[in-house]
Amino acid sequence: MSRRVAVTGIGIVAPGGIGVPAFWDLLASGRTATRGITFFDPAGLRSRIAAECDFDPAAHGLDAEQIARCDRYIQFALVAGEEAIRDSGLDLALENPWRVGVSLGTAVGGTTRLEHDYVLVSSHGQRWDVDHREAGPHLQRAFAPSTLASTVAERFEARGPVQTVSTGCTSGLDAVGYAFHTIEEGRADVCIAGASDSPISPITMACFDAIKATSPNNDDPAHASRPFDADRNGFVMGEGGAVLVLEELDHALARGAQVYCEISGYATFGNAYHMTGLTTEGLEMARAIEGALDQARLDATAIDYVNAHGSGTQQNDRHETAAVKRVLGAHAYDTPMSSIKSMVGHSLGAIGAIEVAACALALTHQVVPPTANYETPDPECDLDYVPRVARERRLSSVLSVGSGFGGFQSAVILNLPREKTE
Amino acid sequence: MSEPHPRRAAVTGIGVVAPNGTSTETFWKSTREGISVLDRVAREGCEHLPLRVAGQIRDFDPPSAIEERYLVQTDRFTHFAMAAADLALDDAGLDRPATDAAPFSVGVVTAAGSGGGEFGQRELQQLWSKGSRFVGPYQSIAWFYAASTGQISIRRGFKGPCGVIASDEAGGLDALAHAARAVRRGTDVMVAGATEAPLAPYSVVCQLGYGELSTVEDPERAYRPFTAAACGFVPAEGGAMLVVEAEAAARERGAPVRAVLAGHAATFTGASRWEQSREGLAEAIRGALREAGCAPEEIDVVFADALGVPEADRAEALAIADALGTHGTRVPVTAPKTAIGRGYGAAPVLDAAAAVLAMEHGVIPPTPNVFDICHDLDLVTTRARAAEPRTALVLSRGLMGSNSALVLRLGAGDAS
Amino acid sequence: MSDRITVEELSELMKKAAGVTVAPEELKQRCDSGFDALGIDSLGLLGIVGELENRYGTPMPPDAEKSKSPRQFLELTNSALLAGA
């Protein structure tokens, strides 16, 4: 008999909302957290807007040493991790540390610090033979992507399987999916799962500029991220992190833990098509959704809500609409599907975990978060995208999907545990 | 799980691009003969840096291995990955028509720890010296850790489960284990492994912060694990990809089952806490043996992590003894990576490749440059040793604190 | 560098930015072939446009990167150069 996996704790650092209450308030109210970039002077860039976190690490309990050593994206993970563990009520001192794992995703990892120190060692890009004497003391930690999972595992004294996952923009979904499989397969009883990224830096903004993937709606940042809207013109960069405590269901029930929901299905496939391009048919994403449904032993008509990747690029939103229709059939038209990237931007590897957290909260509140800024229908995107206003709805099974550069197509299914719905 | 799994994961192909050989044959010949290729770092822009010795690939000609349109959009680490994947698939006898017939049944998983550093440095230079308009369209897909998995999937048309483990050195073994689990879950073929290219100037600067990095100038003395002269590790580039396939699927198409990925476990004991890695590595070994249904005495050879830091070497020797008991002091142990350096996530994948080849050829490759062992281990030094290993244990630890162990069994003898 | 983008320059950029080798003579004959048939994808075309913008110091029309064929591409980009001159 296979082991079931519960979500027992959630922690969030997101633009417009640090901590679960503020984050959910933002989603439920349909406000947007996108604005002109303040972290550096974006002059010269095509897209000069982003969803930035107003994040003060000291106010969230990190000490001076943690702040100095840890890149911003790791600080997000530590703060979200603290909140998630506290929320779960788990006393880690009572757990067998070899049965506690960590699975965290990031797309670009320590890029921001790598760029910062690069500028120093290269004299502003003037030399290939960089001068190591100008490098900061923690550069090697930014270089190694595994610093993310490692730092969080050290903080919570996890000694089981610890891994950093980096599948581009599906990193967050995949990190949660890998953690789910880790517990399901019996390799751990508890897994600290999630993702984090802080990509708002000149090099990352410039590299998405170069392929015109980001929105140039610089004059109206609050309404720039327009998933599924006919006038959408790219995604708005974001940052943030989410951590979930995943736990074997009986383990959670035995200690009387609150159970937000179960994670019951996960699958991922490659599209073998293009590093950045998507097909119009969405066949591979459809396959991922079917795989997740199979694992969850659910029929497609059981899906009550689809949390979309909904990045707001022309091709993504078409692709995804086609994929969902391919699997859900006529039921797709009766199923609300929304993109929280309209509000919190697209934080690359982090967003998948933030979206899984949003799904868990949607199940808890029985509320579907909206797609902000959705005004003008696109004939090719003809589903119910929950325009601008959150909606109360009976939810028991929800689907979160994502696409990533490299062709990754992933799907995760969450549902209220039977014990809870009966 | 002590019962053998109904969908066992077999190794049916090996592709290597390493400092001592850019084909599986040359790699094995050089590994068996114990030829060290560690050398002074000769990379433009690295001459002045305090890293003196590395394992560098000199005879790899990207245009002869990879189409130019893939070369322009990828970093060196992905060039290695695409080439190694081709070699592995050829070795497994899986050609394009075979995989095109069922694209969803072939997936890719790589481990990546250094990313596309050379490509990234070039584009950073464009940005900071000329401006954002001079950053090209491929930066967004060349620098990130997922580049190799994505490009292999696209170039070969593989639509199965695709993954990327961006963990530390031990991530290489975790990627192989990930592939084995995907096979058990129903995917017929996984192309799995790791390649790294950490020798661009800025990447080297980043690594200088590792206290474990060897900065010794003499290639013969720079990387000498398990000796009193241990002074850290030497980095390397390159790596290996393996074809991991459902045993039944391999037999059905008449492909030889060369080895079976029988057991794996991973633990974590903290970054650079080498003394604690003893307990973590021992726990990983026990877990891998348990999953493989393997008694300690069945282990015929150990491919050691061999970090080359005295405290870490001691922890590893003790972990082997803790987990294997008295057998731990008798079993032959080897670390052929002293000939080529440690290619981060790629290092244990090369060890897994060498372990399969060692079992097939009935010989345990030596540990070059290492004499006068100061630990209670039967380390195979100087010359290869004739043996008939049927079960191998591969160990890996990462600088960020991961410990991983993999049990491989020789394939043919397992035919049932 | 001339004041017009020639087939020769496009051929050179196709190699540099997209890794696709088509000799100028052949490109002249295949000027109406689709870029996809020539092996140039969307990122490759974006790279070519970016390189031209930096060389000539002027923005290219937004439709340039969506051109279907070399002929269409050269007409669009050269009209932008003429307009900017």
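Mentor: Welcome! In this predicted model, chain A has 14 helices and 16 strands.

Trainee: What makes chain A as compact as a globular protein of its length?

Mentor: Set two values side by side. The radius of gyration of chain A is 20 Å, and the globule rule gives 22 Å for 422 residues; the two are close, so chain A counts as being as compact as a globular protein of that length. Along the principal axes, its C-alpha atoms fill a box of roughly 65 × 55 × 40 Å.

Trainee: How many of the residues of chain A count as buried?

Mentor: The share is 66% of the 422 residues. To be called buried, a residue needs 20 or more other C-beta atoms within 10 Å of its own.

Trainee: Why is strand β15 of chain A called mostly covered?

Mentor: The strand spans residues 397-404, and eight of its eight residues are buried. Since 20 or more neighbouring C-beta atoms within 10 Å make a residue buried, each residue of β15(A) meets that cut-off. On one side sit S397(A), L399(A), V401(A) and S403(A), and on the other V398(A), S400(A), G402(A) and G404(A), all buried.

Trainee: How do you know that β15(A) and β16(A) pair?

Mentor: Pairing needs at least two bridges. Strand β16(A), residues 408-415, shares eight bridges with β15(A) in the antiparallel sense, and that meets the requirement. One example is G404(A), whose bridge partner in β16(A) is F408(A). The two strands form a hairpin with three residues between them, and G406(A) in the turn has a positive phi of about 105°.

Trainee: Which sense does the pairing of β11(A) with β15(A) have, parallel or antiparallel?

Mentor: Parallel: β11(A), residues 305-307, and β15(A) pair over three bridges, and the cut-off of at least two is met here as well. Y305(A) has V398(A) of β15(A) as its bridge partner.

Trainee: Let's turn to chain B. What are its domains?

Mentor: The domain assignment gives domain 1 (9-252) and domain 2 (261-411). Their centres, taken over C-alpha atoms, are separated by 21 Å.

Trainee: How do you know that residues of domain 1 of chain B are in contact with residues of domain 2 of chain B?

Mentor: A contact requires C-beta atoms within 7 Å. By that test, 62 residues of domain 1 of chain B are in contact with 57 residues of domain 2 of chain B. On the domain 1 side, α9(B) gives the largest share, seven residues. By class, that side divides into 35 nonpolar, 18 polar and nine charged residues.

Note on methods:
Residues are numbered from 1 along each chain as its sequence is written. Chains are lettered from A and ligands numbered from 1 in the order in which they are written. This is a predicted model: local features need pLDDT of at least 70, side-chain atom pairs count only at pLDDT 80 or more; totals for chains, interfaces and linings use all residues. Helices (H or I, at least four residues) and strands (E, at least two) are DSSP runs, numbered from the N terminus. The radius of gyration is taken over C-alpha atoms; the globule rule is 2.2 Å times the number of residues to the power 0.38. A residue is buried if 20 or more other C-beta atoms lie within 10 Å of its own, exposed if 12 or fewer, and partly exposed in between; C-beta atoms are placed from the backbone. Domain bounds come from an automatic or database domain assignment. Two residues are in contact if their C-beta atoms, placed from the backbone, lie within 7 Å. Ala, Val, Leu, Ile, Met, Phe, Trp, Tyr, Cys and Pro count as nonpolar, Asp, Glu, Lys and Arg as charged, and the others, Gly among them, as polar.
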